[in-house]
Amino acid sequence: MSVLPKVHRYRFRLLLLTLSLMTVLLLGDGFFDTQITTSSSSLDSQKITVSQKKERISLTEHVQKTLLDNGLTVLSREIHSSPVVSVQVWYKVGSRNEEPGLNGIAHQLEHMMFKGTKNRPIQFGRLLSALGSDSNAFTSYDQTAYYNTAERDKLTALLTLEADRMENARIDPTELQSEKRVVISELQGYENSPDYRLNRAVMKAAFSNHAYGLPIGGTQADVQRFDLEQVQKYYRNFYSPDNAVLVIVGDFQTEPTLEAVKEIFGKIPKNQNSEVSQRGRHMPTEGNPPAAVARL
């Protein structure tokens with residue numbers, strides 16, 4: 001029996017929750033004021049204040065943070081209301097780590113991460129679909145994220161696949177040429193969107209001397225020039241446990257799951273190419289750009 005109906009029923013709840021969790025962890029907990037005022041009936045024209053109080057938003061409640069020896073940050077939260085789990089890997093690399101001539105390479109690499117690994121030389125979409133997982137990825141200014149939602153008994157399999165492509169992605173010239181054509185087709189499609197063109201013009205004007213002014217998906221000219229060595233170099237520099245956050249939310253038990261994470265991800269070495277990767281990870285920023293993304 002297919003598990004897709006069950007997964008699709010709950011996927012949006014888990015995805016919204018985990019995206020909100022990442023936002024709160026990056027920006028910190030916030031506050032909001034609530035005030036409800038109502039008018040009485042015509043016999044009594046007085047106004048009654050129901051409540052006026054300050055409440056704390058705490059999406060990080062019950063979230064456990066674990067740091068592995070190789071630098072991988074793990075955020076986990078049990079939610080047993082639905083028999084599904086969501087597994088996400090967020091890499092701290094996006095279009096802000098680029099420069100003219102390499103614009104769009106983070107997004108190009110995101111596409112290549114679905115082309116299989118040395119251990120599993122098969123399209124990853126097929127493997128994830130075989131697990132009944134709702135999966136995809138996106139690239140933004142500051143991060144590239146991969147997310148999967150499936151039945152709870154597929155958790156170990158999802159972790160295994162994400163660990164495999166963190167370390168063993170297959171980036172070969174034939175697949176790169178093929179996927180460059182896919183990316184260029186996407187870019188051409190973006191040009192049909194007035195919103196995209198407006199956002200691109202605003203960001204270019206606002207951040208004329210910063211990488212935030214570059215389009216997330218890149219330019220057709222740059223994408224056409226990417227070579228195999230450049231894409232492989234970005235993979236080596238940024239796809240490592242010490243530059244990633246693993247998020248697990250859903251119907252699981254924390255302790256055995258963390259033991260599985262340590263077993264599966266703990267053997268992956270941290271990044272040894274510190275010169276390039278650290279320079280890219282600590283680029284200065286100018287304000288907070290809008291939350292635009294380039295999807296697969």
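**Strand pairing, helix packing and selected residues in the predicted model**

Strand S5 pairs with strand S7 (residues 144-151) in the antiparallel sense, and eight bridges join the two. Within this pairing, glutamine 88 has tyrosine 147 of S7 as its bridge partner. The model in which these pairings occur is a predicted one. S5 also pairs with S8, again in the antiparallel sense, over seven bridges. In that pairing valine 87 stands opposite isoleucine 248 of S8.

The burial of S5 was examined next. Eight of the eight residues of S5 are buried, so the strand is largely enclosed by the rest of the structure. In a regular strand, side chains alternate between the two faces of the sheet. In S5, Val84, Ser86, Gln88 and Trp90 point one way, while Val85, Val87, Val89 and Tyr91 point the other way. Residues of both sets are buried. Glutamine 88, the bridge partner of tyrosine 147 in S7, belongs to the set with Val84, Ser86 and Trp90. Valine 87, opposite isoleucine 248 in S8, belongs to the set with Val85, Val89 and Tyr91.

Strand S8 (residues 244-250) is also joined to S4, by six bridges, and these two strands run parallel. Serine 76 stands opposite isoleucine 248 of S8 in this pairing. Isoleucine 248 thus has a residue opposite in S4, serine 76, and a residue opposite in S5, valine 87. S4 is mostly covered, with five of its six residues buried.

S4 (residues 73-78) further pairs with strand S3 (residues 64-67) in the antiparallel sense, over four bridges. Lysine 65 stands opposite leucine 75 of S4, and threonine 66 stands opposite valine 74 of S4. S3 and S4 form a hairpin with five residues between the strands. Glycine 71 in this hairpin takes a positive phi near 95°.

A second positive phi is found at histidine 62, which is not a glycine and has a value of about 70°. Most residues other than glycine have a negative phi. Histidine 62 lies in the loop between strand S2 (47-56) and S3. With a relative accessibility of 61%, histidine 62 counts as exposed, because the cut-off for that class is over 50%.

The loop between strand S5 (84-91) and H2 contains lysine 92. Lysine 92 counts as partly exposed because its relative accessibility is 40%. The C-alpha atoms of lysine 92 and valine 245 are 8.2 Å apart, although 153 residues separate the two in sequence.

Helix packing was considered for H2 and H8. Two packed helices are described by the angle between their axes and the distance between the axes. Helix H2 (residues 105-112) packs against helix H8 (residues 228-238) at an angle of about 85°, and the axes are 10 Å apart. H2 is therefore roughly perpendicular to H8, since angles of 65 to 115 degrees fall in that class. On the H2 side the contact is made by Ile105, Leu109 and Met112, and on the H8 side by Gln230, Val231, Tyr234 and Tyr235. By class, six residues of this contact are nonpolar, one is polar and none is charged.

Helix H7 (residues 220-225) contains aspartate 222. Aspartate 222 has a relative accessible area of 6% and is therefore buried. When residues up to four places away in sequence are not counted, aspartate 222 touches Pro100, Gly101, Leu102 and Asn103. Its C-alpha atom is separated by 9.9 Å from that of isoleucine 184, and the two residues are 38 positions apart along the chain.

For the protein as a whole, 10 helices and nine strands are assigned. Of the 296 residues in the protein, 47% are buried. The exposed area is about 15,300 Å², and carbon and sulfur atoms supply 51% of that area. Among contacts with a separation of 6 or more, 81% are between residues 24 or more positions apart.

Methods
Residues are numbered from 1 along each chain as its sequence is written. This is a predicted model: local features need pLDDT of at least 70, side-chain atom pairs count only at pLDDT 80 or more; totals for chains, interfaces and linings use all residues. Side-chain values use heavy atoms; hydrogens and water are left out. Axes are lines fitted to C-alpha atoms, for helices over the stretch in contact, and angles run from 0 to 180 degrees between N-to-C directions. Angles under 35 degrees count as roughly parallel, over 145 as roughly antiparallel, 65 to 115 as roughly perpendicular and the rest as oblique. Contact means heavy atoms within 4.5 Å. Ala, Val, Leu, Ile, Met, Phe, Trp, Tyr, Cys and Pro count as nonpolar, Asp, Glu, Lys and Arg as charged, and the others, Gly among them, as polar. Two strands pair if DSSP finds at least two bridges between them. Buried means under 20% relative accessible area, exposed over 50%, partly exposed in between (1.4 Å probe, protein chains only). Accessible areas come from the Shrake-Rupley method with a 1.4 Å probe; for residues, only the protein chains shown count as cover.
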